[in-house]
Amino acid sequence: MILRKMFIFVGFVLLLGCGGPGADAPSSDVNPFFADYDTPFNVQPFDRIEEAHFVPAFEEGMANQNGEIAAIVVNPEAPTFDNTIVALDRSGELHNEVSRVFFALSGSNTNDELQEIQKQMAPRLAAHRDEIQLNPGLFVRVKAVYDEREALDLNAEQLFLLEHLYKRYVRNGALLGDEDQTRLKEINQRLSGLRVEFSRNLLAETNGFELVIEDEADLAGLPDAVIETAAANAQHEDLENSWVFTTHKPSLLPFLTYAEDRNLREQLFTAYTVRGNQNNEYDNKAIMAEIVNLRVEKAQLLGYDTFADYTLEIRMAGTPDKVYGLLDQLWEAALPVAKREVVEMQAIIDADGGGFELAPWDWWFYAEKQRLAKYDLDDNELRPYFELNNVRDGVFYVANQLYGLTFEELEDMPKPHPDAQVFEVFEADGSHAAVIYMDYHPRESKRGGAWCGRFRSQNRAAGVEVDPVINLVCNFTTATEDTPALLSLDEVETLFHEFGHALDGILASVTYRTSFRSPDFAELPSQIMEHWAMAPEVLKVYARHYQTGEPIPDELIAKIENSTTFNQGFMLVEYLAASLLDMEYHTLIETTDLDINAFEGTYFDEIGLIPEIVSRYRTTYFAHIVGSYAAGYYGYTWAGVLDHDAFEAFNESSLFDQETAQRFRTSILEVSGSQDYMDMWVNFRGREPEIEPLLRNLGLQ
Ligand SMILES: [Zn+2]
């Protein structure tokens, strides 16, 4: 009890220390992070949080946690699971709270001030994390509990937490000598600074290019909705009689798919692929080279051959060999298919009297022609059936049919951005399950892509149930003056995908705050949702024409089904090239003077990547592997094996089979992050995963 008072005291001193007025003082007197939120469901008071609140809140959060950690270390009682592991799990509540809000807003609603804070705080946050991870007194106590684990009568969740916490210490250098620990701290701080620089450069490069069209004739081939969006982009910048296209995907992909002007396609595509590789102030080559080398050094400092060995040890895949085993098998199957696709598209070009060879910026254009010829599937014919709110209701329908969840939109809630929708999620018995924010469209303050984060994770660490607050963020096609937001097939799948991550958070039922997730497993809940998105019975429910309300006709559904193996060679080769490149960087066994462009080029030649396809990501904009997907981009495909095999379990019974859904919920979704990945899988499927359903569904077998 005495120790508890001590933490409060530490916090109190700091609160006084940062309360006075100053040049950067926030306009409101109270920093919302330091008071009760007094909001519905205790969601974060986004309307009251200002940029200037973050640094003081980070500082107090770190100081609080340092006090809590110090108290664990000096506890005169012998180390126990409760006074060490549970106490550690509970520590840092304010720090975690501020971090979640700050990083969520940095991703979806950033500005110069937040970017500056991020740059300033990144090394300090890394140092704070290391202070805890490398605290020798704390490690001694964790190790003491770990060494006694057999005798402690722990349940499976407690044992998992203890073993992974211990392993985390060891992996963070707890068994290293002083000199090596100091070097490790330096490496970690440098890496985290480099990550920030990389993202900032990438954002600047992505926003820095615009294709401005002034001659209407250059728009030939583009659908009206795409033209309208481009005109709106131009108006936004006060450009008269112009159309603006950017390297953001919702602008880039329709342009590559429909624009008849080959030179313009080349310009925009090239602008996309040279991001971070232009030898200007935003160049990412030297940054990536340094990151790769620092990772080699880090892995070897910790006793691993390569960074991939280090990373994969705690993933479901386990070793680089297992990853290459999967990627190589798929690469061999996919490359001949992609080569056949090249021949087919070249035939179209030749038949049109094109007189040129297929280039990367032609692929989407001719794939679309091919799709129309082969499957008669026109994305613009589909879009009217995929009005955003209808698709969202389809997602809710699937969650309802599988798990009995219902959703109700909430008004007057504080939001991370005014454009976000907010829903309360209810269990089948009507009890509160979660709050979810859904933020759909691109803007300059948002990074690209789609993701699902958590403003709060479910847990009962402090003895009371904490309900989840989920944040789903996308970059979907926007509404125009004449039409609501009509999504592409890809965007529909993306919404179902991200909602799968949301379900993983909504249905969680764990005790502790600390969880350990493996990205190659974490994509199972999301990717399996894509199967329901395209199931005919489900399409009939949500895919309704936005004007007439008519359900999508059978012949369109048949076309979607026929087209599932369409362009699969390209999609796989594009993705696998990036996955293999990621592994190639992270299986380097020594630091080298890395010439990024040469490394990439040589490697792609070696594996036989064809010149008509550019890797899904080139190094200088491969943000995944700068972040937590290093030696982990393969995970989507690993999870692909799992999701196809898992969905097969529903195929074996029925689409919404309640017994299978219940087993998926209890074996996977509820315990995710708190149990061994293979155990979870086997509890659900009754055996280890099999690759055949994936190969079959992709038309590769
Ligand atoms: Zn995902």
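This report describes a zinc site, salt bridges, aromatic pairs and selected loop residues in a predicted model.

## The zinc site

Three residues of the protein serve as donors to the zinc ion, namely H497 and H501, each through NE2, and E523 through OE, and they lie 2.1 Å from the ion. Read along the chain, these donors follow the spacing H-x3-H-x21-E.

The two histidines belong to helix α18, which covers residues 489-506, and because they are 4 residues apart in that helix, about one helical turn separates H497 from H501. Both of these histidines are buried.

## Salt bridges between distant parts of the chain

The model contains 35 salt bridges. One of them joins R513 to E93, with the closest N and O atoms 3.9 Å apart. This pair connects distant parts of the chain, since R513 is in the loop between α18 and α19 while E93 is in helix α4 (residues 93-108), and the two are 420 residues apart. The partners also have their own exposure classes: R513 has a relative accessibility of 26% and therefore counts as partly exposed, while E93, with a relative accessible area of 52%, is exposed.

A further salt bridge is formed by the side chains of E491 and R383, at 4.0 Å from N to O. E491 lies in helix α18, whereas R383 is in the loop between α16 (379-382) and α17 (388-403), so this salt bridge ties together parts of the chain that are 108 residues apart in sequence. Both partners, E491 and R383, are buried. Helix α18 thus holds E491 as well as the zinc donors H497 and H501.

## A salt bridge within a helix, and a network

In helix α26, which runs over residues 658-669, E659 and R663 are 4 residues apart, so that about one helical turn separates them. Their side chains meet in a salt bridge, with 2.9 Å from N to O. E659 counts as exposed because its relative accessibility is 52%, and R663, at 25%, counts as partly exposed. Elsewhere in the list of charged residues, D645, E652, R685, R687 and E690 are joined into one network by salt bridges that share partners.

## Aromatic pairs and a ring cluster

Aromatic pairs number 45 in the model. Among them is the pair of F33 and F54, which is tilted, with 5.7 Å from centre to centre and 50 degrees between the planes. F33 lies in the loop between α1 (2-17) and α2 (51-74), and F54 lies in helix α2, so the pair ties together parts that are 21 residues apart in sequence. Both rings come from buried residues, F33 having a relative accessibility of 6% and F54 a relative accessible area of 2%.

The pair of Y634 and W638 is edge-to-face, with the ring centres 6.3 Å apart and the planes at 85 degrees. Y634 counts as buried because its relative accessibility is 1%, and W638 is likewise buried, with a relative accessible area of 13%. In addition, ring pairs connect Y272, Y575, Y617, Y621, F622, Y629, Y633 and Y636 into a cluster.

## Charges over rings

Two arginines place their charged ends over aromatic rings. The charged end of R171 sits over the ring of Y310, at 4.0 Å from the ring centre, and the charged end of R262 sits over the ring of F356, at 3.7 Å from the centre of that ring.

## Two loop residues

N135 is located in the loop between α5 (112-133) and α6 (136-147). A polar atom of the N135 side chain lies 3.0 Å from the backbone nitrogen of L138. When neighbours within four places in sequence are set aside, the residues in contact with N135 are I69, V73 and D130.

A535 occupies the loop between α19 (519-533) and α20 (536-542). With a relative accessibility of 8%, A535 counts as buried, because residues under 20% fall in that class. A535 and M571 are 36 residues apart along the chain, and their C-alpha atoms are separated by 21 Å.

Key: Residues numbered from 1 in each chain as written. Predicted model: local features only at pLDDT ≥ 70, side-chain atom pairs only at ≥ 80, totals over all residues. Heavy atoms only, no water. Donors = N, O, S within 2.8 Å, 3.2 Å for Na, K, Ca; no water. Buried < 20%, exposed > 50% of the residue type's maximum accessible area, 1.4 Å probe, protein only. Phe/Tyr/Trp six-rings, centres within 6.5 Å; stacked < 30°, edge-to-face > 60°. Lys NZ or Arg CZ within 6 Å of the ring centre and 35° of its normal. Polar contact = N/O pair within 3.5 Å; in protein donor to acceptor, adjacent residues only side chain to side chain. Contact = heavy atoms within 4.5 Å.
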